[in-house]
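Here is my note on the model you sent. The points are numbered so that you can reply to each in turn.

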Amino acid sequence: MKIAEIITKTIDIFYVKPLRGLMPQQTFRYAVCGGANLVINWLCYALLYDVILSFDYLNLGLVYISRHIAALCITFPITLLTGYWLQSRISFRGSPLGDRVS
């Protein structure tokens, strides 16, 4: 079983009767994936800022970068890719466009 199928089945467990009347299943998956990506962003930023990056300022020659800006610059591409993967493989899996559009 693929990771996307496991995540989808786990999300669908929480799609209970009161929510079924409020929103479609795809919207629920979209909201859960967006919230999960936000939590991944927070955890990645906190891990980088508090544990991995030990400098106060990083000298890049022309510019000094502080620790929180460096953590932001590292976290952004990570959460961009995880968000894209979650939305394409879980939220919009049944899209008629597919993976490639020509």
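**Notes on helix packing and ring pairs**

1. Start with the meeting of helix 1 and helix 3. Helix 1 brings Thr-8, Ile-11 and Asp-12, and helix 3 brings Gln-25, Phe-28, Arg-29, Val-32 and Cys-33. Sorted by class, this contact has four nonpolar, two polar and two charged residues. Please keep in mind that the model is predicted.

2. How do these two helices pack? The axes of helix 1 and helix 3 are 10 Å apart, at an angle of about 110°. Angles from 65 to 115 degrees count as roughly perpendicular, so helix 1 and helix 3 are roughly perpendicular to each other.

3. Helix 1 also meets helix 4, which spans residues 67-91. Their axes come within 10 Å and cross at roughly 75°. Helix 1 is therefore roughly perpendicular to helix 4. On the helix 1 side, the contact uses Ile-3, Ala-4, Ile-7, Thr-8 and Ile-11. On the helix 4 side, it uses Trp-85, Arg-89 and Ile-90. The class count here is six nonpolar, one polar and one charged. Note that Thr-8 and Ile-11 are listed in the contact with helix 4 and also in the contact with helix 3.

4. Now the rings. How many aromatic pairs does the structure hold? There are three. One of them joins Tyr-15 and Phe-28. This pair is tilted, with 5.3 Å centre to centre and 40° between the planes. Tyr-15 sits in the loop between helix 1 (3-13) and helix 2 (17-22), while Phe-28 belongs to helix 3 (residues 25-52). The two are 13 residues apart, and their pair links distant parts of the chain.

5. Are the partners of that pair buried or exposed? Tyr-15 has a relative accessible area of 9% and is buried. Phe-28 is also at 9% relative accessibility, so Phe-28 counts as buried. Phe-28 has a second role to check: Phe-28 is among the helix 3 residues that meet helix 1.

6. Tyr-45 and Tyr-49 make another aromatic pair, this one stacked. The centres are 5.9 Å apart, with 5° between the planes. Both tyrosines are in helix 3, and because they are four residues apart, about one helical turn separates them. Tyr-45 is partly exposed, at 29% relative accessibility. Tyr-49 is partly exposed too, with a relative accessible area of 26%. Tyr-49 has a further neighbour: Arg-67 lies over the face of the Tyr-49 ring, 4.2 Å from the ring centre.

7. Look next at Asn-37, in helix 3. Is Asn-37 buried or exposed? The cut-off for buried is under 20% relative accessible area. Asn-37 is at 17%, so Asn-37 counts as buried. Leaving out residues up to four places away in sequence, Asn-37 touches Thr-79, Thr-82, Gly-83 and Leu-86.

8. Last is Ser-91, in helix 4. Ser-91 has a relative accessible area of 4% and is buried. With residues up to four places away in sequence left out, Ser-91 touches Gln-26, Arg-29, Tyr-30, Cys-33 and Leu-86. Two of these names should look familiar: Arg-29 and Cys-33 also appear in the contact of helix 3 with helix 1. Leu-86 recurs as well, as one of the residues that Asn-37 touches.

Methods. Residues numbered from 1 in each chain as written. Predicted model: local features only at pLDDT ≥ 70, side-chain atom pairs only at ≥ 80, totals over all residues. Heavy atoms only, no water. Phe/Tyr/Trp six-rings, centres within 6.5 Å; stacked < 30°, edge-to-face > 60°. Buried < 20%, exposed > 50% of the residue type's maximum accessible area, 1.4 Å probe, protein only. Lys NZ or Arg CZ within 6 Å of the ring centre and 35° of its normal. Axes fitted to C-alpha atoms, helices over the stretch in contact; angles between N-to-C directions. Parallel < 35°, antiparallel > 145°, perpendicular 65-115°, else oblique. Contact = heavy atoms within 4.5 Å. Nonpolar A, V, L, I, M, F, W, Y, C, P; charged D, E, K, R; others polar.
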